[in-house]
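User: I'm new to this structure and would love a close look at one part of it. Could you pick a buried charged residue and walk me through what surrounds it?

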Amino acid sequence: MALGEQGFYNILDHHHDDAKDWVVVNWNLGNMCNYSCSYCPSILNDGSFGWNDLEVVKKFIDRVSTHYAPRKVYFEFTGGEVTLWKDFVKCAEYIKSIGHDIGFISNASRTLRWWEKNKQNFDHVCLSFHPEHADPDHFYEVVKIMSEQCRTHVNVMGHTDADMFEKGVELSNRLTQ
């Protein structure tokens with residue numbers, strides 16, 4: 001970034017040259033989550049603001065696309081648990097159909113069948129392991145499915161409970177083997 005005359009930044013630039021033609025839109029789609037982790041504030045999982053209508057979301061995607069054309073847009077979705085939105089896959093398919101990329105943050109709780117069926121719709125996923133609720137074996141299988149398809153990032157949440165902390169350590173070790 002370059003500091004302008006009045007002390008404001010007037011250029012937003014990427015560190016890597018291959019990212020200079022990209023725009024990143026990070027979008028919190030809603031706050032409904034199937035987990036209620038002790039360390040997570042209720043605003044991230046209580047469903048107090050629901051999912052948008054798919055047509056409203058598509059209109060916004062179109063506006064962003066038009067505004068930034070010819071640059072490529074990377075839409076990254078977060079929530080709550082965005083895979084719970086009934087139109088999430090349709091939204092991903094739409095983004096891909098107009099030539100942009102999609103990523104999202106997920107607790108990986110959907111069925112293995114869901115991940116297998118929909119993996120081709122995504123360019124990046126950040127999977128977060130929450131030891132209070134998640135099954136390490138299921139999570140590991142989701143990481144395998146998605147890492148064969150797209151860029152996959154894993155977060156393992158730490159916990160003050162010794163057993164839950166160890167559950168995260170064991171999964172981390174398994175994932176790095």
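Analyst: Let's begin with Asp101, which is buried in this predicted model. Its relative accessible area is 12%, and since buried means under 20%, Asp101 falls within that class. The side chain of Asp101 meets that of Lys72 in a salt bridge, at 3.4 Å from N to O. Along the chain these two are 29 residues apart, with Asp101 in strand S5 and Lys72 in strand S4, so the pair links distant parts of the chain. Lys72 has a relative accessibility of 30%, which counts as partly exposed. One partner of this salt bridge is therefore buried, while the other is partly exposed.

The two strands that carry this pair are also joined to each other. S4 covers residues 72–78 and S5 covers residues 101–106, and they pair in the parallel sense over four bridges. Within that pairing, Glu76 has Gly103 of S5 as its bridge partner.

Lys72 leads us on to the next strand as well. Lys72 in S4 is the bridge partner of Trp22. The strands S3 and S4 run parallel and are joined by seven bridges. S3 has two faces: Val23, Val25 and Trp27 make up the covered one, whereas Trp22, Val24, Asn26 and Asn28 lie on the uncovered one.

Now we can step back to the whole sheet. Five strands form an open sheet with parallel pairing, in the order S3-S4-S5-S6-S7. Strand S3 (22–28) and strand S7 (151–156) are at the edges and have a single partner strand each, so one side of each has no neighbour in the sheet. From one strand to the next, the twist averages 15°. Towards the S7 edge, helix H4 (residues 136–147) lies across strand S6 (124–129) and S7, and it runs at about 170° to S6.

Coming back along the chain towards Asp101, we meet helix H2, residues 88–97. Its buried residues are Phe88, Val89, Cys91, Ala92, Tyr94 and Ile95. Why might buried positions in a helix recur at such spacings? An α-helix has 3.6 residues a turn, so residues three or four places apart point the same way. The cover over the buried residues of H2 includes S4 and S5, the two strands of our salt bridge, along with H1 and helix H3 (112–118). Just after H2, Gly99 takes a positive phi of about 90°.

The Asp101 pair is part of a wider set, as the structure holds eight salt bridges. Another one joins Lys86 and Asp87, whose closest N and O atoms are 3.0 Å apart. Here Lys86 is exposed, with a relative accessible area of 69%, while Asp87 counts as buried at 7%. A further salt bridge is formed by Glu116 and Lys119, with the closest N and O atoms 3.0 Å apart. In that pair Glu116 is partly exposed at 40% relative accessibility, and Lys119 counts as buried at 19%. Salt bridges with shared partners also join Lys86, Asp87 and Lys90 into one network.

For a last contrast, here is a nonpolar part of the surface. Ile43, Leu44 and Phe49 make a nonpolar surface patch of about 240 Å². Ile43 sits in the loop between S3 and helix H1 (54–68), and its relative accessibility of 48% counts as partly exposed.

How values were computed:
Residues are numbered from 1 along each chain as its sequence is written. This is a predicted model: local features need pLDDT of at least 70, side-chain atom pairs count only at pLDDT 80 or more; totals for chains, interfaces and linings use all residues. Side-chain values use heavy atoms; hydrogens and water are left out. Two strands pair if DSSP finds at least two bridges between them. Axes are lines fitted to C-alpha atoms, for helices over the stretch in contact, and angles run from 0 to 180 degrees between N-to-C directions. Contact means heavy atoms within 4.5 Å. Patches are made of residues with over 30% relative accessible area and no salt bridge: like charges are joined within 9 Å, nonpolar side chains (Val, Leu, Ile, Met, Phe, Trp, Tyr) within 5 Å. Accessible areas come from the Shrake-Rupley method with a 1.4 Å probe; for residues, only the protein chains shown count as cover. A salt bridge is a side-chain nitrogen of Lys or Arg within 4 Å of a carboxyl oxygen of Asp or Glu. Buried means under 20% relative accessible area, exposed over 50%, partly exposed in between (1.4 Å probe, protein chains only).
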